[in-house]
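Here are some worked exercises to try with the model open beside you. Have a go at each task before you read its solution.

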Amino acid sequence: MIKKELTNDIYMFSMNLEDLLFESMWELPHGVTMNSYIVKGEKTAIIDGVIGWNGVPETLYEILGEIDISPDDIDYVVINHMEPDHSGWIEDFKQIKDDFTIITTEKGKPLVEAFYGDDLTIKVVQEGDSLALGNGKELTFHPIPNVHWPETMVTYETTSKILFTCDMYGAFGTIDQHIFDDEMTPEETQLYEAESVRYFSNVLTTFSPMVKRAITKTKELDIKMIAPGHGPLYRDNPNKIIEDYTTYTKYASGFGKKEVTILWGSMYGSTKRAVEYAEKILKDAGVKVNLLRLPYATESDIVTNVFRSAGVIIAASTYEYRMFPPVAHAIDELGRKKITNKQALYFGSYGWNPGAERDLNNILDNYRMKWQFVEPVNFAGEATPDKLKEIKQQINLLLENMQEKLL
Ligand SMILES: Cc1cc2nc3c(=O)[nH]c(=O)nc-3n(C[C@H](O)[C@H](O)[C@H](O)COP(=O)(O)O)c2cc1C
Ligand SMILES: [Fe+2]
Ligand SMILES: [Fe+2]
């Protein structure tokens, strides 16, 4: 657990979590942090009080002791976001203290009651409402609905100008000692950038239009520091993560880096050999290639890589009249995530009657994905030199189409 005083009487606690599936499904190669904040005036507030993924808040109580706060001193529990990873400890907290006030939005109130009972004191806040804690500490509240639950808000401390954003502006990746953007080594900066793309694409991208609105709202505040519920804090240049998030909302609708992600699956190697050929063409053209073989790639890597790339190649053979199932599942997941308008190419091998392409089109239609495909290349058995030539031509067209989508 990391403990840090951000400024006079405002503290951060952060706990690293590894070896978990985030939301019980996203495998995280670099883990994630859960960040909590204490604002101490005459009254004390805890924001996004997490500590205790499984409702084990003893660590929180211990570390509060180190800054001379007993759990009994907490007057306000600010719930920016009700998801139990951030709020689950309340169940335990209410056993040891019964006179604290929960601060949440109108949409948060029924959620608090549904998860933690209707015997709690809840103060519902609207846009711009403020709470004076004394000693020059004042919190204001700003709902940012549907990032990614309906009740989400951000909390702003007016003297320090710190914005506590919970899931908004979060990133994956555990933290060792460097918690602020200006403390990072270049390697760490790169890691957290990549992990913020992973986080956004895995957790928030379905809600990109709402994230856009949340970006507009946070831009109206004079921000000195962004303090999210996951990942590093931004005090040197809080605008950097705001701009990155703006870029990510564009990745969700078809823009991307000059990269091609190849989602591929092959039973006996016919499609695989064509994938190897495609990879060489792309590399020769100076394009970064992300090869994800299914079913071996993780769900998290599939979504992250496709999300970030301006171009996608789906390479899969026909299996029982349809697409090789692990690849079909991957595209289905991308549809659920509303990753739209990507520039794409399909190719794959079949034995006697190609069915993969039709299956692909059904999935794309089902989720209204609006991906723009160049001409597909189906080949019986092994791809002939002519078929490989067709693949090359279509890759060149794909690269042309990607040009206006590059960010
Ligand atoms: C379990 C299984 C189901 C198959 N179903 C079909 C099919 O419905 N239609 C077809 O044309 N070929 C079908 N095939 C043949 C494959 O599509 C063909 O062997 C192709 O070359 C495999 O390419 P790959 O090695 O890249 O997976 C099937 C093969 C297997 C092993
Ligand atoms: Fe969340
Ligand atoms: Fe979260």
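**Exercise 1. Decide what geometry the site of the iron ion (ligand 2) has, given angles of 86 to 174° among its four donor atoms.**

Step 1. Keep in mind that this is a predicted model. Start with the donors: the iron ion (ligand 2) is held by His-81 (NE2), Glu-83 (OE), His-148 (NE2) and Asp-167 (OD), at 1.9 to 2.2 Å.

Step 2. Test for tetrahedral. Four donors pass if all angles lie between 85 and 135 degrees. The angles here run from 86 to 174°, so the upper end breaks that rule.

Step 3. Give the verdict: the site is irregular. A word of caution is that water is not among the atoms, so sites may look incomplete.

Step 4. Look at where the donors sit in the sequence. Their spacing is H-x1-E-x64-H-x18-D. Glu-83 comes from the loop between strand 7 (74-78) and helix 2 (84-87), while Asp-167 comes from the loop between strand 13 (162-166) and helix 5 (186-204), so this pair ties together parts that are 84 residues apart in sequence. Glu-83 and Asp-167 are both buried.

**Exercise 2. Find the protein donors of the iron ion (ligand 3), and work out which residue coordinates both this ion and the iron ion (ligand 2).**

Step 1. List the donors: His-86 (NE2), Asp-167 (OD) and His-230 (NE2) lie 2.0 to 2.2 Å from the iron ion (ligand 3).

Step 2. Check that list against the donors of the other ion. Asp-167 is the bridge, and the two iron ions are 3.5 Å apart.

Step 3. Trace the chain. The donors of the iron ion (ligand 3) follow the pattern H-x80-D-x62-H. His-86 sits in helix 2 and His-230 in the loop between strand 14 (225-228) and helix 7 (238-251), a pair 144 residues apart that links distant parts of the chain.

Step 4. Ask about exposure. His-86 has 2% relative accessibility, so it counts as buried. His-230 is buried too, at 0%.

**Exercise 3. Glu-151 carries a charge; work out whether it is buried or exposed, and what lies around it.**

Step 1. Place the residue: Glu-151 is in the loop between strand 11 (137-143) and strand 12 (153-157).

Step 2. Look for a partner. Glu-151 is buried yet has no salt bridge. The nearest side chain of opposite charge belongs to Lys-107, 8.9 Å away. A salt bridge needs the nitrogen and oxygen within 4 Å, so that doesn't qualify.

Step 3. See what touches Glu-151. Setting aside neighbours within four places in sequence, its contacts include His-81, Glu-83, Thr-105 and Leu-111.

**Exercise 4. The structure holds 22 salt bridges; take three of them and say which parts of the chain each one joins.**

Step 1. Begin with Lys-109 and Glu-113, whose closest N and O atoms are 3.1 Å apart. They are four residues apart in helix 4 (residues 108-116), which means about one helical turn separates them. Lys-109 is partly exposed at 31%, and so is Glu-113 at 28%.

Step 2. Move on to Lys-240 and Glu-193, which meet at 2.9 Å, N to O. This pair links distant parts of the chain, with Lys-240 in helix 7 and Glu-193 in helix 5, 47 residues apart.

Step 3. Finish with Asp-301 and Arg-198, again a salt bridge with 2.9 Å from N to O. Asp-301 lies in helix 9 (residues 299-308) and Arg-198 in helix 5, so the pair ties together parts 103 residues apart in sequence. Asp-301 is partly exposed at 23%, but Arg-198 is buried at 8%.

**Exercise 5. Check how the length of helix 8 (residues 270-284) agrees with its 15 residues, then find what covers its buried residues.**

Step 1. Work out the expected span. At 1.5 Å a residue, helix 8 should span 21 Å. The 21 Å comes from multiplying 1.5 Å by one less than the number of residues.

Step 2. Compare: the end C-alpha atoms are 22 Å apart, which agrees.

Step 3. Pick out the buried residues, among them Ala-274, Val-275, Ala-278, Ile-281 and Leu-282. Their cover includes strand 15 (257-265), strand 17 (309-316) and helix 12 (385-402).

Step 4. Step past the end of the helix: just after helix 8, Gly-286 takes a positive phi of about 80°.

Terms used: Residues are numbered from 1 along each chain as its sequence is written. Chains are lettered from A and ligands numbered from 1 in the order in which they are written. This is a predicted model: local features need pLDDT of at least 70, side-chain atom pairs count only at pLDDT 80 or more; totals for chains, interfaces and linings use all residues. Side-chain values use heavy atoms; hydrogens and water are left out. Helices (H or I, at least four residues) and strands (E, at least two) are DSSP runs, numbered from the N terminus. Buried means under 20% relative accessible area, exposed over 50%, partly exposed in between (1.4 Å probe, protein chains only). Lys and Arg count as positive and Asp and Glu as negative; His and the chain ends are not counted. Contact means heavy atoms within 4.5 Å. Donors are N, O and S atoms within 2.8 Å of the metal (3.2 Å for Na, K and Ca); water is not among the atoms, so sites may look incomplete. Four donors count as tetrahedral if all angles lie between 85 and 135 degrees; four count as square planar and six as octahedral if opposite donors are over 155 degrees apart and all others between 65 and 115; anything else is irregular.
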